Amino acid sequence: LIFDDGEPLETNRHRIAMNALIDSLYHGFSHRNDFFAGGNMFIYYSAEQARNRDFRGPDFFAVLGIDGSSPRQGWVVWNEGGRYPDVIIELMSSSTANIDVTAKKDLYQNTFRTPDYFVYNPFDPSSLQGWHLNGTQDYQELSPNERGWLWCETLGFWVGVWEGTIQRETAPWLRFFDPEGNLVLLSAEAERQQAEAERQRAEQFQ
C-alpha cells in the first residue's frame, strides 16, 4: 500500500492548519491513549479502491476507542477491525470545495459512516460547515452557536474559528474549544503559558 498521496497541500496555510488540528487534539487528549489522529494520508477501505488509488486522504481525521500506541503510516480499515474515522475535517480551497461537500461528503456518510464531518477554507472565516450523522444515518447540518462554532459530539469539543498567529502566520485558524469555550492549546502554546506562569511565580518570590 502507498501511504503518501503525493499531492502537496494547497498552500502553506493549509499545512499549518492541518498540523495545528492534529497537534492540539493530541495535547487536548494528552490524558488518553485510546485514539489516533492524522492528516493528508490515505484511508484504505477496500481492495478495489486500493488498486485504483482513486481517493485522497482527508486533511484531518480522528479515530477513538482504539490502541493509540501502535505506529501507523496510514489508516487501513481492514487492519483496524473495520474501524473508520469518527471525525473528518477537510480544509477546502477553491479547487476542492465542490468535491468536499458532494462526493467526499457522500462517501463519509454512506461508506465511512463518520459521525462528524466538517469543512473549512483557511482563507475564508465564513466557510465553516459541519454535519452529524442522525438516527437514520444521514448527515444533518449542524447549527452554529452564538460564536459561530459547531459542536463536535464525538470529540466533546467545539470547532470554531480563532484569529491569531501560528508559525508566524496570522490568519483565521480552525481550532478546537472545550465545552466551557476555552481554546484547546497547541503544545507550543501550552509550553509558553507554563513558562510565563513560572516566570510570574518566580517574580513573586523575589
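Visitor: Is D59 buried or exposed?
Guide: This is a predicted model, and in it D59 has a relative accessible area of 3%. Buried means under 20%, so D59 counts as buried.

Visitor: Where along the chain does D59 lie?
Guide: Let's place D59 between its two neighbouring elements. One of them is α2, residues 47-52, and the other is β3, residues 60-64. D59 lies in the loop between α2 and β3.

Visitor: Which backbone nitrogen does the side chain of D59 reach?
Guide: Start with what surrounds D59. Leaving aside neighbours within four places in sequence, its contacts include L9, M18, G38, I89, E90 and L91. One of these residues offers its backbone nitrogen to the D59 side chain at 2.7 Å, and that residue is L91.

Visitor: How many residues of β5 are buried?
Guide: Take the two faces of β5 in turn. V87, I89 and L91 are buried on one side, and I88 and E90 are buried on the other. Both faces are covered, and the count of buried residues in β5 is five of five.

Visitor: Which residue in β5 stands opposite F60?
Guide: F60 belongs to β3, which spans residues 60-64. Strands β3 and β5 run antiparallel and are joined by three bridges. The residue in β5 opposite F60 is I89.

Visitor: What is the bridge partner of I88 in β6?
Guide: Here β5 meets another strand, β6, and the two run parallel, with five bridges between them. In β6, I88 has as its bridge partner Y117.

Visitor: Why are Y108 and F112 separated by about one helical turn?
Guide: An α-helix has 3.6 residues a turn, so residues three or four places apart point the same way. Y108 and F112 both belong to helix α4, residues 103-112. They are about one turn apart because their separation in this helix is four residues.

Visitor: Is the ring pair of Y108 and F112 stacked, tilted or edge-to-face?
Guide: Both residues are buried, Y108 at 0% relative accessibility and F112 at 3%. Their ring centres are 5.3 Å apart, with the planes at 45°. Planes under 30 degrees apart count as stacked and over 60 as edge-to-face, so this pair is tilted.

Visitor: Which residues join Y108 and F112 in a cluster linked by ring pairs?
Guide: The structure holds 17 aromatic pairs. Some ring pairs link into a cluster that includes Y108 and F112. The other members are Y45, Y84, Y117, W131 and Y139.

Visitor: Which residue follows α4 with a positive phi?
Guide: Within α4, the buried residues are K104, K105, L107, Y108, Q109 and F112. Elements covering them include β5, α3, β6 and β7. After α4 comes a residue with a positive phi near 55°, and that residue is R113.

Visitor: How far apart are the end C-alpha atoms of α1?
Guide: Helix α1 has 17 residues, from 12 to 28. At 1.5 Å a residue, α1 should span 24 Å. The model agrees with this expected span, because the end C-alpha atoms are apart by 24 Å.

Visitor: Which strands are included in what covers the buried residues of α1?
Guide: The buried residues of α1 include H14, I16, M18, L21 and L25. The cover over the buried residues of α1 includes β1, β3, β5, β10 and β11.

Visitor: The charged end of which residue sits over the ring of F29?
Guide: F29 is buried, and so is F35. The two form an edge-to-face pair, 5.3 Å centre to centre with 80° between the planes. Over the ring of F29, 4.5 Å from its centre, sits the charged end of R32.

Visitor: Which residue takes a positive phi in the hairpin of β10 and β11?
Guide: Strands β10 and β11 run antiparallel, joined by nine bridges. Two residues lie between the strands of this hairpin. The one with a positive phi near 50° is Q167.

Visitor: Over the face of which residue does R175 lie?
Guide: R175 is in β11, where it is the bridge partner of G160. Strand β11 is largely enclosed by the rest of the structure, because eight of its nine residues are buried. At 4.6 Å from the ring centre, R175 lies over the face of W162.

Technical notes: Residues are numbered from 1 along each chain as its sequence is written. This is a predicted model: local features need pLDDT of at least 70, side-chain atom pairs count only at pLDDT 80 or more; totals for chains, interfaces and linings use all residues. Side-chain values use heavy atoms; hydrogens and water are left out. Two strands pair if DSSP finds at least two bridges between them. Buried means under 20% relative accessible area, exposed over 50%, partly exposed in between (1.4 Å probe, protein chains only). A polar contact is a pair of N or O atoms within 3.5 Å; within protein, one must be able to donate a hydrogen and the other to accept it, and residues adjacent in sequence count only if both atoms are side-chain atoms. Contact means heavy atoms within 4.5 Å. Rings of Phe, Tyr and Trp (its six-membered ring) pair if their centres lie within 6.5 Å; planes under 30 degrees apart count as stacked, over 60 as edge-to-face and the rest as tilted. A charge sits over a ring if NZ of Lys or CZ of Arg is within 6 Å of the ring centre and within 35 degrees of the ring normal. The expected span of a helix is 1.5 Å times one less than its number of residues.
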